[in-house]
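Biologist: Please give me a close look at one part of this model. Take me through it step by step, in short sentences.

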Amino acid sequence: MRKNIVAGNWKMNKTFPDGITLIEEIIEKSEDLNNVKLIISPPYIFLKDASNIAAHSKIGIAAQNCSNEESGAFTGEISASMLKSANVNYIILGHSERRAYYGEKDELINQKIKLCIKHNITPIVCCGEVLQERESGEHFKVVSNQIKGMFFGINPEEFTKVIIAYEPVWAIGTGKTASPDQAQEIHQFIRKIITDSYGSEIANNLSILYGGSCKPSNAKELFANPDVDGGLIGGASLNANDFLSIAKSF
Ligand code: PGA
């Protein structure tokens, strides 16, 4: 069954005490929310505490990345199996900031997706074009190539664990948002790609989130689209009231 999902990507923000306070506030204020799955994605250092605090709530905890290696001599890396052992059940992969600043390519993201699936973690897999690609009308091709590359070799059963986030890079942290029509158009296109690869049942059950300056003032019109199943929220997820207001926009 396709779920409504709102996930908060904190990126590299908050000190430890501030982060824990925010998690507690979100849990407390979300107790009566039933029609949406909330996920919080704080930096690695918070994850074990976050999963303990959230253990008796309905909130899911996500990491913002993981290694493409299983284990071993990879200084500074964190593996999917370690995250799973800390009760982290989601991992954001392929975020445009990882692509732009750390050189991540579809092939590497594909390896990470496979490790998530192996360890029974739901990957929240990001795609999206940069401004120049949107302006030259290449965005459909860019997104289609990203999806084909990232999901190469993933079989239908494995794909049922996946969440996709469409995040136009020109809208991330810029205050510019895709219009509801632009979002619907490309989300529908993404669902069509998945239908062609995995069949309509799997595609219809896939949650596709929109990300890029999603906030309380625009979430309702974005989420009203039939193929927009929620949001991946950056800046507005750092404030409990804003995050909850977005989550109540279905
Ligand atoms: P933003 O970030 O909401 O701050 O634009 C979204 C994201 O990068 O996931």
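**The ligand shell and the aromatic cluster**

Modeller: The shell around the ligand holds four nonpolar, seven polar and two charged residues. Keep in mind that this model is predicted. In total, 13 residues surround the ligand. Lys11, His95, Glu167, Gly173 and Ser213 are the closest.

Now look at single contacts. Glu167 has a side-chain N or O atom 2.6 Å from an oxygen atom of the ligand. Lys11 also uses its side chain: one of its N or O atoms is 2.7 Å from a ligand oxygen. Gly234 uses its backbone instead, with a polar atom 2.9 Å from an oxygen of the ligand. How much of the ligand does the protein bury? Taken alone, the ligand exposes 290 Å², and the protein buries 95% of that.

Next, turn to the aromatic rings. The structure holds seven aromatic pairs. Two numbers describe such a pair: the distance of the centres and the angle of the planes. Start with Trp10 and Phe46. Their ring centres are 5.7 Å apart, and their planes meet at 75 degrees. That makes the pair edge-to-face, because an angle over 60 degrees counts as such.

Where do these two residues sit in the chain? Trp10 is in the loop between strand E1 (5-9) and helix H1 (16-29). Phe46 is in the loop between strand E2 (37-41) and helix H2 (47-54). The two residues are 36 residues apart, and their pair links distant parts of the chain. Both Trp10 and Phe46 are buried.

Phe46 has a second partner, Phe16. Here the centres are 5.5 Å apart and the planes are at 20 degrees, so this pair is stacked. The cut-off behind that word is an angle under 30 degrees. Phe16 lies in helix H1, while Phe46 lies in the loop between E2 and H2. The pair therefore ties together parts that are 30 residues apart in sequence.

Are Phe16 and Phe46 equally covered, or does their exposure differ? Phe46 has a relative accessible area of 1%, so Phe46 is buried. Phe16 has 34% relative accessibility, so Phe16 counts as partly exposed. The limits are under 20% for buried and over 50% for exposed. Put the rings together, and Trp10, Phe16 and Phe46 form one aromatic cluster.

One more ring is worth a look. Arg98 lies over the face of Tyr102, at 4.2 Å from the ring centre.

Methods. Residues numbered from 1 in each chain as written. Predicted model: local features only at pLDDT ≥ 70, side-chain atom pairs only at ≥ 80, totals over all residues. Heavy atoms only, no water. Phe/Tyr/Trp six-rings, centres within 6.5 Å; stacked < 30°, edge-to-face > 60°. Helix = DSSP H or I, 4+ residues; strand = E, 2+ residues; numbered from the N terminus. Buried < 20%, exposed > 50% of the residue type's maximum accessible area, 1.4 Å probe, protein only. Lys NZ or Arg CZ within 6 Å of the ring centre and 35° of its normal. Near = heavy atom within 4 Å. Polar contact = N/O pair within 3.5 Å; in protein donor to acceptor, adjacent residues only side chain to side chain. Areas by Shrake-Rupley, 256 points an atom, 1.4 Å probe, with all protein chains shown as cover. Nonpolar A, V, L, I, M, F, W, Y, C, P; charged D, E, K, R; others polar.
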